[in-house]
Each structure stands twice: as C-alpha cells, then as structure tokens.
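Got your viewer open? Let's walk through this one selection at a time.

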Amino acid sequence: MIAPEYQRPKGTRDVIAPESWQFEAMRRLALDLAARYGYDPIETPIFEQSPVFLRVGESTDIVQHESYRFVDVGGDDLTLRPEGTAAVARAYVQLGLATAPQPVRLCYFGPMFRRERPAAGRYRQHTQFGVECYGSEAPEADAEVILLAMQVVDAAGLKDPQVRLNSLGCAVCRPRYREALIAYYTDRRSELCDDCQVRLNQNPLRLLDCKVDVGIRQQAPDIQDYWCDGCRTHFDRLTGILAASGRHVTRDKHLVRGLDYYTRTVFEVGHPSLGDQVALFGGGRYDGLTASLGGPSVPAVGFGMGIERLLSALPQALATPEPRRVYCAHLPGFAERAFLLAEALRRQGIAAEADILNRSLKAQLKDAGRRASVAVIVGGQEWDQGQVVVKDLAAGRQITVDRTELLTYLAADGEEQEDSRNT
Ligand SMILES: [Zn+2]
Ligand SMILES: [Zn+2]
C-alpha cells in the first residue's frame, strides 16, 4: 500500500505491459499511416501560455472548467494543453510555416489534459493522435484527413468505420443561421433544460448538442437551408469524394462539435459496433484559427483521436512490437558466461535476458517461461564440448547446438517464428 498523499492523481493511470505495448503499437500504426498521407510529426510543448487556449475556445466547457491552468513560480500564466489543434496552430504561426510551401501536413501523438469529472473511460491525462492539414480550403483536404482517420480505425481492427458529417457554414451564412436558431429557441425558452438556458446566451449552436431536449431540436431550423452557395458546393463536393472512395458517410444535421473554432466541415467517426450515436472521435475545418492567434488567415482541417477510447473499443489487441526473447539460463558457476552471452546476442539484434537474481537453474527456467520463448542453457557437459542446449519454452522441445552455430540457429529460428505468426 502507498500512503494517500503519494497515490497517483485522480483520473490518471499507470500503464504497464502488455498494455503499454498496445500504446506503442498504436503510435506506430498511426504515425506510419499519417506518413503514408504525407504528414510529418510535430512535437509542441505540453503546456502553452494560457491565452493560446483561451483565445481559441473562450466559451467552451474545456477551457472554462476543465483546464489545468496555473501560475508558475516566475509568474507565467500557463495551461497544460487540453487538445492539440490550438497548440499546433500556435506553432504554425510562430514558426512562420505560412511562408513554407503549402499544404503543410502535421501530425502529433501525445498526452492531453482535462480536469474531467471522474467517469469510466475518462482520464484527466489521455493520449491523442491528431493531424492538421494547413493551406487548402478545397474539399479534397477535408476528404484527405477523413479518409486518413478512417484508415487508422480500419487498420486498428475496427473495420468499416462510419462518418457523420455536417457543415457549420462560414462567416457569411452562419450568422443568419445563428439568428434563426436563437429566435426558435427563445420562443421555447421555458421548456429548455438548465444547460440549454446557458447555451442560448453563450453558444447557441451547441443547443443542438443537447441530449435532453431532443424533441425541441428535431423541429429546429436546419443549417443546410442557410448555407451560402460556397458552403453548399464545398459540402456536396466533399460528400461526393467520400462516396466515390467507397466510404460510408451520412449527414447529421445536429452535429456541431464542442469547440468554437470550426468553420464549414465537422465530422465524427463511429463504428456500428458502438451504436449509432457514439463517436470514437471527430474533427473539422477551422479556417479562422491562425488569424485569431494574430497570424495570417490560413485554411486548415484536422482531427484529434482519443487513443484510450479507440484501444478499448478494439475487438482484439493489436500485434505488438514486443520482441521474441531468448533467456540465457546458467548452471552453477556459469552466471557470468550466461550474462555475457546475452549481451553478445543483443549486439547481434536478438532480444535476450540473463538471470540477475542468482537463482537456481530450475527457478531460472520457471522465470524464462514468463519472459521468453527460448532458453539457452549455459554450462554443464555440453558446454565443455563446445555446445549449448536450446529449449523451446512453448513447445517444450530441446536440442543441442554447437556454440559457434548458436547465433545462426537463433536468428533463423526467430525468422521462422515470425513467418508462422504472420501467416
Ligand atoms: Zn457559407
Ligand atoms: Zn437542453
């Protein structure tokens, strides 16, 4: 037991093997697929000056109630990043990436921090994979990030992910819709839940998010009746491309997403196995974001994917990069030789371990069964004759191999195992 004051903070987790290998496998899978689409990884600090997040999400719950905001001993007002998009936008402006050849395609995989109410599957530190495509307002850019998102979900083992899509309009058409929405909800003010009373004043689009007042939102004005020609063409072309690529997408007129900075496209990715209304993650277009940080106005589109949530939804574990290990066990008096053999194997690219607890051969082999797939026994009569016993721990077989042949034997055996695992 550990004293309460030393326990990990509420809503956080320690992740150990084999689950930690699942995270690593997911990271590689995501970054590899992103690279296939031309996205380079970007690392930004996990904290920013608070105005970065305040500027781009002033009326959202995340920034108002859930951020880890603190003043450090030097008096700087800092916030642990609650999401990736604002931080990447800040970097894009600060690094002058607007003057680099466009589009600029960036991706990230790392921790995000939100002081959420404790609930199953919700963590105050969670991992997000996200991509940001800067410099194109064409619907092809939206299609590219959506298709990439779907490939990641597909490759992780949730086949045929589904996308719900909407357009929130632009600076030309959204204000008219907003007015119509406010007028509609103001007439029904007395029927609204407490949250919606607040939303009506602060963030009317999010009235459509309400899971309580569903009857009222059914009859609410539909934004597609307010889209300008530019927004309508953009949306139609995007859905056309996605359909032509063979992906299943549907329009959801109530989809608005939680963050304020979206323009035009918003989307959520789900899977039939999770039910109709459950989203794995989402994203959208945010053409005004760089300008709101004082930079040039650059169109952009992206998504952020919660990795804990995705991993927990997978029907089976990912193939992990955990290597096949060789355990160098020793007879009494041969501990150092076993230790040095393990090191020699590692130098040849073979994952190996030796006993560092000074145990009996029996205890070593028992341990080897938990840690390795093959044991090499160092010492005894075979050793004197220039040989070693190699034990296949899963199959229980053992053979005697010349010491000079050991490396070749283990390498070939490893490849064989790899082949049988892949077929
Ligand atoms: Zn518009
Ligand atoms: Zn409501």
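What follows is a short tour of a predicted model, from the whole chain down to a few residues.

**Stop 1: the domains.** Colour 4-173 together with 227-313 as domain 1, then give 325-422 another colour as domain 2. Now put a centroid on the C-alpha atoms of each: the centres of domain 1 and domain 2 sit 46 Å apart.

**Stop 2: the metal site.** Select ligand 2, the zinc ion, and show what coordinates it: the SG atoms of Cys-193, Cys-196 and Cys-210, plus an OD atom of Asp-213, at 2.1 to 2.2 Å. What geometry do the 4 donor atoms of the zinc ion (ligand 2) make? The site is tetrahedral, with angles of 97 to 117°. For reference, the ideal angle for four tetrahedral donors is 109.5 degrees. Along the chain, the donors of this zinc ion are spaced as C-x2-C-x13-C-x2-D.

Stay here and pick out two of those cysteines. Cys-196 belongs to helix H7 (residues 194-202), while Cys-210, 14 residues away, is in the loop between H7 and helix H8 (214-218), so the pair links distant parts of the chain. Turn on the surface: are these two buried or exposed? Cys-196 is buried, because its relative accessible area is 0% and the cut-off for buried is under 20%. Cys-210 is buried too, at 3%.

**Stop 3: a loop proline.** Jump to Pro-272, in the loop between strand S9 (263-270) and strand S10 (281-285). Leaving out neighbours within four places in sequence, Pro-272 contacts Asp-160 and Gln-162. Finish with a distance: from the C-alpha of Pro-272 to that of Gln-125, 147 residues apart along the chain, is 27 Å.

Technical notes:
Residues are numbered from 1 along each chain as its sequence is written. Chains are lettered from A and ligands numbered from 1 in the order in which they are written. This is a predicted model: local features need pLDDT of at least 70, side-chain atom pairs count only at pLDDT 80 or more; totals for chains, interfaces and linings use all residues. Side-chain values use heavy atoms; hydrogens and water are left out. Domain bounds come from an automatic or database domain assignment. Donors are N, O and S atoms within 2.8 Å of the metal (3.2 Å for Na, K and Ca); water is not among the atoms, so sites may look incomplete. Four donors count as tetrahedral if all angles lie between 85 and 135 degrees; four count as square planar and six as octahedral if opposite donors are over 155 degrees apart and all others between 65 and 115; anything else is irregular. Helices (H or I, at least four residues) and strands (E, at least two) are DSSP runs, numbered from the N terminus. Buried means under 20% relative accessible area, exposed over 50%, partly exposed in between (1.4 Å probe, protein chains only). Contact means heavy atoms within 4.5 Å.
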